[in-house]
Amino acid sequence: MVEKKTSLDITTLARDLRAGHRAALARAITLVESRRGDHQAQARELVQMLLPDTGKAVRVGITGSPGVGKSTTIDALGTYLIEQGNKVAVLAVDPSSARSGGSILGDKTRMARLSASSDAFIRPSPSSGTLGGVAAKTREAMLLCEAAGFDVVLVETVGIGQSETAVCDMTDFFLALMLPGGGDELQGIKKGLVELADMIAINKADGDNLKRANITAADYRGALHILAPRSEHWHPPVITYSALAGTGIAELWQKVLDHRKAMNASGEFAARRRDQQVKWMWSMLEQRMLARLRSEASMRGKVKKIEAEVAEGHLTPALAAERILELLQ
């Protein structure tokens, strides 16, 4: 009887979510983020049930250093998209929250217009867990948002390095935001980030900053010429805009649509989505294996013993890894 009730609850939740009920979407994401084994099983059932309703949204990853104006940009872009008749979801991948327990997007005052709209849904990343875990939960949250009828999902990363790769691996278009600056600032360009980016957008191109923003844009265009593009069918453009003034937002979004059109025409869009699904599978497998090693009492004791042998120098890490793998068989 209990199983029947659980199944009915999930079915009802899926139905309400498909109908666009925000409370159902929030409950579903909370279920996905839960660490309880029974909740995780229900979450897997729910996501599988909703899978046919996913995949239609435009998925955009947004990154940039602190102070670049990500929140203001998302507020301006999201508001523009809603004015165009879209429903917009904003999700976050924040590895710092995994370390400190903090949560980005908690202060929604910088997204005042967007957070007040009934056509927007803003959700911070889980407040704990590894980057891989946070990214996996964000992937599932993205699918739930799509099933709930959101046309655009903006995935923000405030982290560096790995988090940028994680967001790139779950989105269709990866946008890197930069600040106006001279040649000295350009020397600090992160080659890895620029190689991932589908577009570079220079924010705060207004007032006294306008000239500097244009010079910075020209510098980045020059830098991109010496780097191999991520796709042979798309050469990352560099644009300037002002999130505060709202100028250049329409052009920014048009570039996202142009990219989608080019990727669809070449077949690369579908290929990238398929590749992302496989990467997600391996990521989930790693998470499940680690969770099993940590949650099952009998295994936990054996792993601790193996850890101690490695720490004391009685066992090599390579042989220890083999022994731990044997525990999973």
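1. In this predicted model, a useful place to start is Val88, which stands opposite Ala120 in β3. Val88 belongs to strand β2, made up of residues 88-93, and this strand pairs with β3 in the parallel sense over 4 bridges.

2. The pair of β2 and β3 is part of a wider arrangement, an open sheet of 7 strands that follow one another in the order β3-β2-β4-β1-β5-β6-β7, with parallel pairing. At the edges stand β3 (120-123) and β7 (238-240), and because each has a single partner strand, one side of each is left without a neighbour in the sheet. When direction is ignored, neighbouring strands of this sheet are turned against each other by 20° on average.

3. Helix α12, which covers residues 249-266, packs on the sheet and touches β1 (58-64), β4 (152-157), β5 (173-178), β6 (199-202) and β7. The direction of α12 makes about 125° with that of β1.

4. A separate point concerns two helices, α2 (residues 22-33) and α3 (residues 37-50), whose axes come within 8 Å and cross at roughly 125°. Angles from 65 to 115 degrees count as roughly perpendicular and those over 145 as roughly antiparallel, so α2 is oblique to α3. The crossing of these two helices, α2 and α3, is left-handed.

5. Where α2 and α3 meet, Ala28, Leu31 and Val32 are the residues from α2, while His39, Gln42, Ala43, Leu46 and Val47 come from α3. Sorted by character, the residues of this contact between α2 and α3 comprise 6 nonpolar and 2 polar ones, with no charged residue among them.

Conventions: Residues numbered from 1 in each chain as written. Predicted model: local features only at pLDDT ≥ 70, side-chain atom pairs only at ≥ 80, totals over all residues. Heavy atoms only, no water. Pairing = 2+ DSSP bridges. Axes fitted to C-alpha atoms, helices over the stretch in contact; angles between N-to-C directions. Contact = heavy atoms within 4.5 Å. Parallel < 35°, antiparallel > 145°, perpendicular 65-115°, else oblique. Left-handed = near helix turned anticlockwise from the far one by under 90°. Nonpolar A, V, L, I, M, F, W, Y, C, P; charged D, E, K, R; others polar.
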